[in-house]
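Trainee: Could you take me through this structure slowly, and tell me for each term how the value leads to the word?

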Amino acid sequence: MNQYSLKSKLMLLTLVTVLPLVGVTFYLIFSLRNYSNAYDEIVSNMTIANSYNLNFKEEMDEGLYKLVVGAVTFENIHEDDSLEDPYQVIGELREDFGVLMRITTDKESKSWLQRLLRNIDTLQDRVDDIKVNLDKGGHYDENIEMLDNNIYILTELIQDNMQHYIYYQTKSIEKLKIQLNAQVQKFVVLWVILLFGIVVCVLTVASVISNSITGPIRKLCGVTRQISEGDFSVRAKVKTKDEVAQLSDSINEMSQHLEVMVSQIKEDERKMRNTELRLLQEQINPHFLYNTLDTIVWLIEGNMSGQAVDMVVSLSDFFRLVLSHGQEFITIKDEEFHIRSYLEIQQVRYHDILDYEIAMDPQLYPYKILKLTLQPLVENALYHGIKKKRAKGKITVKGSMEEGENGKNVCLAVMDDGVGMEEEEVERLQKEIARPCKETESGFGLANVNERIRMNYGMDYGMTISSVKGEGTTVKVVIPAKRMETVAEGSSYEMSE
């Protein structure tokens, strides 16, 4: 049963149920048709016999009497509408009862038909005698005597034969009725036995088919329940060759794909955590901290305590935003505050070469962004653009909302008017940041940001670099616009679409 499809199993169940019923129905129709034909034949025979039984003797006796007394002749008897030609009546009687003789099967009825046909032959002989006497003329007394002693007796016998034939045909109907009742009883018994057999067969086949379907389905339910609980290593083992087996194979493939996807997600999360840690370590480096603290000492010794306090506050804000209470996402407003703190610190150190401007569209403030997205870009602009210029330079940070293929996007740009790069250098750097950051030979900070964006949002988003030698560099970041809901006072947010 396992090697058949569900359609074949259901078709088998249908055939087991329907075929016996169809067979019994045809048998019943065939039996009823036979009995109907037999009944119709008997009724037809009786109708023919009755048609003569009612008026045969009167018509024959009256016609012959009129012939004997000379009221009519054999030549003109047909002109009288009230009389029948004896030869015509005898001919019709012989023909009709001859047909009945051929089709009647009942023995007693057939015996009486034989007697009737013999009497018809004798009657015709007597009619012939009367016709001969009438042709010769005279013989009136002889003809009258022949009527009384032969004709009337023969017509009485023929009519009696008809009545006996009708009687035995009636008995045949009674026999047919008895046979039909017996057949009905047999049919009822047979139908009860057959119905019991059908019920047993249907229940047996239905049980087998049901088990062949529900058994594998129960296994699949158990497998899907384990998958829903997080066990993606489980596999369904269905040995049938029907649609349930195809469903089992699909579930196994889905489970395998889910197992691979979950493993990949876990690996991506691990890489993201490692990347974020490396980025934090890169940003919180002793060199940056030493130079900042040294600048604070220098300001204090120069009696510029106000600037020193401002720088300490900026340093504190910088590290607070770097930590972000362990959150991966912060608002764009917090990210702006972070890079502002960073630039304030750096401007104190490089006040002779550094200017900056932050032009962020305020409507972007509630939207989320991965923390430490812009700071590495600003740092890269300072150390590789402005410092190498050996002259006053400016870093500009801009943000705006733009329409994308999949909805609105947040577009952020960090621009500097530093030394810039050659086209070949831009292409090489673009390839470097497209690689995983752990494989990069240069531009770790940029590769780190780009990889984190793509891991979180997909390959449609990320970073692009454009630069002109001697004019400056622009780094553009595109991420999907997703808002964050406020969960506490200040600028801490939770994501919402």
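Mentor: What follows takes the helices, the sheet, two loop residues and the cysteines in turn. Please keep in mind that this is a predicted model, in which the secondary structure comes to twelve helices and nine strands.

Trainee: How do you know that the length of helix H5 agrees with its number of residues?

Mentor: Helix H5 covers residues 140–228, which makes 89 residues, and at 1.5 Å a residue these should span 132 Å; the end C-alpha atoms are 122 Å apart, so the two values agree. The helix also has a bend of about 40° at Leu 147, and after H5 comes Gly 230, whose phi is positive, near 105°.

Trainee: What span is expected for helix H10, and what is found between its ends?

Mentor: The twelve residues of H10, residues 375–386, should span 16 Å at 1.5 Å a residue, and because the end C-alpha atoms are 15 Å apart, the distance agrees with the expectation. Several residues of this helix are buried, including Leu 377, Val 378, Ala 381 and Leu 382.

Trainee: Which strands does H10 touch when it packs on the sheet?

Mentor: Let me describe the sheet before the packing. Five strands form an open sheet in the order E2-E4-E5-E7-E6, with mixed pairing.

Trainee: What makes E2 and E6 the edge strands?

Mentor: Strand E2 (354–360) and strand E6 (462–468) each pair on one side only, and that is what is meant by an edge strand here. From one strand to the next, the twist averages 15°. H10 packs on this sheet and touches E2, strand E4 (393–404), E5, E6 and E7, while its direction makes about 140° with that of E4.

Trainee: Why is the pairing called mixed?

Mentor: Both senses are found in it. E2 and E4 pair in the parallel sense over seven bridges, and there Met 360 stands opposite Gly 399 in E4. E4 and E5, on the other hand, run antiparallel and are joined by ten bridges, with Val 397 having Val 414 in E5 as its bridge partner; these two strands form a hairpin with two residues between them. E5 (residues 407–416) is in turn joined by eight bridges to E7 (residues 472–480), again in the antiparallel sense, and Asn 409 stands opposite Pro 480 in E7.

Trainee: Is Leu 372 buried or exposed, and how do you know?

Mentor: Leu 372 has 1% relative accessibility, and the cut-off for buried is under 20%, so Leu 372 counts as buried. This residue lies in the loop between strand E3 (368–370) and H10, and its phi is near 60°, a positive value in a residue other than glycine.

Trainee: What makes Arg 390 exposed?

Mentor: The relative accessible area of Arg 390 is 76%, and exposed means over 50%, so Arg 390 is called exposed. Arg 390 lies in the loop between H10 and E4, and here too phi is positive, near 60°, in a residue other than glycine.

Trainee: How many disulfides does the structure hold, and which words describe Cys 221 and Cys 411?

Mentor: The structure holds zero disulfides. Cys 221, at 41% relative accessibility, falls between the cut-offs of 20% and 50% and therefore counts as partly exposed, whereas Cys 411, at 6%, is under 20% and therefore counts as buried.

Trainee: What share of the whole protein counts as buried?

Mentor: Of its 497 residues, 39% count as buried.

Definitions and conventions:
Residues numbered from 1 in each chain as written. Predicted model: local features only at pLDDT ≥ 70, side-chain atom pairs only at ≥ 80, totals over all residues. Heavy atoms only, no water. Helix = DSSP H or I, 4+ residues; strand = E, 2+ residues; numbered from the N terminus. Expected span 1.5 Å × (residues − 1). Bend = angle between axes of the 7 residues up to and from the residue. Buried < 20%, exposed > 50% of the residue type's maximum accessible area, 1.4 Å probe, protein only. Pairing = 2+ DSSP bridges. Axes fitted to C-alpha atoms, helices over the stretch in contact; angles between N-to-C directions. Contact = heavy atoms within 4.5 Å. Disulfide = S-S within 2.5 Å.
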